[in-house]
Amino acid sequence: MKVKNVLLRITSVLLVIFILLVTATSSFAATSWRTKNDEAKAAKVLSVTDNIVEIARAEIGFFDGNNINKFTTWYYGYDTSAYWCSIFISWCADQAGALGTAIPKRASCVSMKNWFEIRGEYYPAGSDYVPQKGDIMFINTAVDGTDDIHHVDLITESGFIGSGENKKVMCISGNTSNLNYEGSEYVTEKARPVSGPKACVVGYAHPSYEKSIGLRGDIETFTEAHTPPFMKFIESKMISMLFRLESFWANVVKTFRMQVADFESRVDAAHSKIESDINTFKEKNKTRFLTDKTTELSESLTEQTTNAELTVAT
């Protein structure tokens, strides 16, 4: 009985030790796996970031001359002339496998900015945020001190270049001038002023590139992957129709404004003519009035002279 009890106790102790060893080993293995997995994920994120920058860099020197190019054709599905700085960013994201997850498909700079802002990934230029490689930078080309956004770039180097009034950010820009400030249909790498009188940066977006490697789901990616071909066809036709409708109304507004301007010009011309006619009428009447008065005075003097002569003669 005593031997049986001793064996039972030894077995219980060994079982407890075994459970503790398994738990410790499992915990260490899980921690090790998580560490390696996190490192792998971080490496993949860096890989996507480097990839999108290199894709953009490969397009440096591109020039089209009329804003009809492979980027606009890719976006709209047919050859059309359009501003394409945002489209260029979306195209690079598509080539890097980050479209719809880290970066949206947009033709509007403001719409792209809003997409990031809704997700908490947008940082105004006046904040403490330091831009990172692969970030999106929003530009005010008018350099008028407002938050109006006219252009968008892809940042190629983390941090700032220079300091004080000479602080700049390196970026690649599509639908822009070359380094000699010629044209506006180039892909160029340039340094944008962040401070000083020529500061033009409105804000930055930090894309969640981890989404593009499957760490988190994104409804746009799911939709893109599960949309039937005929729905994509309908979507492309609707986008085309909306674009044409937008162009139509833009032309209507432009024509209306031209007609208003022409009407205002005609009114101004008519007003000027009326003023001229009034002045001419006044001048004519003034001359006629002076002529009548002169004649009247002359006749009066003649009459008085005649009367005087008759009086003398009498």
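**Pocket lining, nonpolar cores and buried polar residues**

The second largest pocket encloses about 530 Å³ of space. The model examined here is predicted. A total of 21 residues line this pocket, and those nearest its centre are Tyr181, Ala191, Arg192, Pro193 and Lys198. By residue class, the lining of the second largest pocket comprises seven nonpolar, eight polar and six charged residues. Two strands, β4 (168-176) and β5 (186-193), each contribute at least two residues to the lining. The greatest contribution to the lining is that of β5, which supplies four residues.

The two strands are also partners in pairing: β4 and β5 run antiparallel to each other and are joined over eight bridges. Within this pairing, glycine 174 is placed opposite valine 187 of β5. Strand β5 is mostly covered, with six of its eight residues buried. Strand β4 also contains asparagine 175. The phi angle of asparagine 175 is near 60 degrees, a positive value in a residue other than glycine. Asparagine 175 has a relative accessible area of 10% and therefore counts as buried, the cut-off being under 20%.

At the level of the whole protein, six helices and six strands are present. Their order along the sequence is α-α-α-α-β-β-β-β-β-β-α-α. Of the 314 residues in the protein, 30% are buried. Among contacts with a separation of 6 or more, 56% join residues that are 24 or more positions apart.

In soluble globular proteins, nonpolar side chains tend to be buried together. In the present model, the largest nonpolar core contains 38 residues, and Ile52, Phe88, Ile103, Phe116, Ile136 and Phe138 have the most contacts inside it. Two or more residues of this core come from each of the helices α1 (2-57), α2 (70-76), α3 (85-96) and α4 (109-118), and likewise from each of the strands β2 (136-139), β3 (151-155) and β6 (201-205). Helix α3 provides the largest share of this core, namely eight residues. A second core, separate from the largest one, has 10 residues, among them Ile155, Val169, Val194 and Tyr204.

The surroundings of isoleucine 136 were examined with residues up to four places away in sequence not counted. On this basis, isoleucine 136 touches Ile89, Ile103, Met112, Phe116, Val152, Asp153, Leu154, Gly203, Tyr204, Ala205 and Pro207. Of these partners, Ile103 and Phe116 are also listed with Ile136 among the residues with the most contacts inside the largest core, whereas Tyr204 is a member of the second core.

Buried positions are also found in loops. Glutamate 121 lies in the loop between α4 and β1 (122-124). Its relative accessible area is 8%, so glutamate 121 is classed as buried. When neighbours within four places in sequence are left aside, glutamate 121 is in contact with Trp115, Phe116, Tyr204, Ala205, His206, Pro207, Ser208 and Lys211. Among these contacts, Phe116, Tyr204, Ala205 and Pro207 are also touched by isoleucine 136.

Asparagine 67 occupies the loop between α1 and α2. Its relative accessibility is 12%, and asparagine 67 therefore counts as buried. The phi angle of asparagine 67 is near 60 degrees, a positive value in a residue other than glycine.

Technical notes. Residues numbered from 1 in each chain as written. Predicted model: local features only at pLDDT ≥ 70, side-chain atom pairs only at ≥ 80, totals over all residues. Heavy atoms only, no water. 1 Å grid on protein atoms, 1.4 Å probe; cavity = no way out; pocket = protein on both sides within 12 Å on 5 of 7 lines; lining within 4 Å. Points joined across faces, edges and corners; volume = space filled by probe spheres on them. Nonpolar A, V, L, I, M, F, W, Y, C, P; charged D, E, K, R; others polar. Core = buried A, V, L, I, M, F, W, Y, C linked by side-chain atoms within 4.5 Å. Buried < 20%, exposed > 50% of the residue type's maximum accessible area, 1.4 Å probe, protein only. Contact = heavy atoms within 4.5 Å. Pairing = 2+ DSSP bridges.
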